[in-house]
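Visitor: I should like to take a close look at a single part of this molecule and to see how its surroundings are arranged. Would you please guide me through it step by step?

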Amino acid sequence: MMEALGEARRAFRLGEVPVGAVVVLRGAVIARTHNLCETLQDPTAHAEMLAIRRAASVLGSYRLLGADLFVTVEPCLMCAGALHLARVARVVYGCLDPKGGAMGSCYQIHLEERLNHRLEVRGGVLADECRGLMHSFFSALRAGKTPTGG
């Protein structure tokens, strides 16, 4: 999760919502990235989506069997769906997303019995640090400042 936090800080410095994600397979990091929605002007450029794409490219397969994804904020519906489709084994996230989280807060898509893949979910890992970074970012925005710290 520390690696994902480092990625989130990179996003913060770019003025992106500070979410970082890392894909680990058999103990090795195979992909790491952060939100790039503003930079790429792409609403799908969430950290999780980019990490899935990079990991699939490294493996030469969209099936990320046995992989773990570490992400600083609870995944949204789009990302949760992609994680299911990628067959990720486990998602570990930092803080909850009470406005759009899909793995514990607003939705619990990982518990949907109609889906053909089951993944393990663990939340709350380094939650205070992850939440603090998000809070700092949005506090700066509300104050009319460009968030470039982190």
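Guide: A polar contact is a pair of N or O atoms within 3.5 Å; within protein, one of the two must be able to donate a hydrogen and the other to accept it. Please bear in mind that the model shown here is predicted.

With that term in hand, let us begin at histidine 34. The side chain of histidine 34 makes a polar contact with the side chain of glutamate 7, at 2.8 Å. Histidine 34 belongs to strand 2, which covers residues 28–34. Is histidine 34 buried or exposed? Its relative accessibility is 11%, and buried means under 20%, so histidine 34 counts as buried. When neighbours within four places in sequence are left aside, the residues in contact with histidine 34 are Glu7, Arg10, Ala11, Leu14, Val19, Gly20, Ala47 and Leu50. Glutamate 7, the partner in the polar contact, is thus also named in this list.

We turn next to the aromatic rings. A pair of aromatic rings is described by the distance of the centres and the angle of the planes. The model holds 2 aromatic pairs. One of them joins phenylalanine 12 and phenylalanine 137, whose centres are 5.5 Å apart with 80° between the planes, an edge-to-face arrangement. This pair links distant parts of the chain: phenylalanine 12 lies in helix 1 (residues 2–14) and phenylalanine 137 in helix 5 (residues 127–142), 125 residues apart. Phenylalanine 12 and phenylalanine 137 are both buried. Phenylalanine 137 also pairs with phenylalanine 138: the ring centres are 5.0 Å apart and the planes stand at 85°, so this pair is edge-to-face. Phenylalanine 137 has a relative accessible area of 3% and is therefore buried, whereas phenylalanine 138, at 30%, is partly exposed. Through these ring pairs, Phe12, Phe137 and Phe138 are linked into a cluster.

Phenylalanine 138 leads us on to the largest pocket, which has a volume of about 600 Å³. This pocket is lined by 23 residues, and those closest to its centre are Val17, Val73, Asp97, Met134 and Phe138. Helix 5 gives the most to the lining, with 5 residues, and helix 2 (37–40) also supplies at least two. By character, the lining residues divide into 11 nonpolar, 4 polar and 8 charged. Phe138 therefore has a place both in the ring cluster and among the residues closest to the centre of the largest pocket.

Terms used. Residues numbered from 1 in each chain as written. Predicted model: local features only at pLDDT ≥ 70, side-chain atom pairs only at ≥ 80, totals over all residues. Heavy atoms only, no water. Helix = DSSP H or I, 4+ residues; strand = E, 2+ residues; numbered from the N terminus. Buried < 20%, exposed > 50% of the residue type's maximum accessible area, 1.4 Å probe, protein only. Contact = heavy atoms within 4.5 Å. Phe/Tyr/Trp six-rings, centres within 6.5 Å; stacked < 30°, edge-to-face > 60°. 1 Å grid on protein atoms, 1.4 Å probe; cavity = no way out; pocket = protein on both sides within 12 Å on 5 of 7 lines; lining within 4 Å. Points joined across faces, edges and corners; volume = space filled by probe spheres on them. Nonpolar A, V, L, I, M, F, W, Y, C, P; charged D, E, K, R; others polar.
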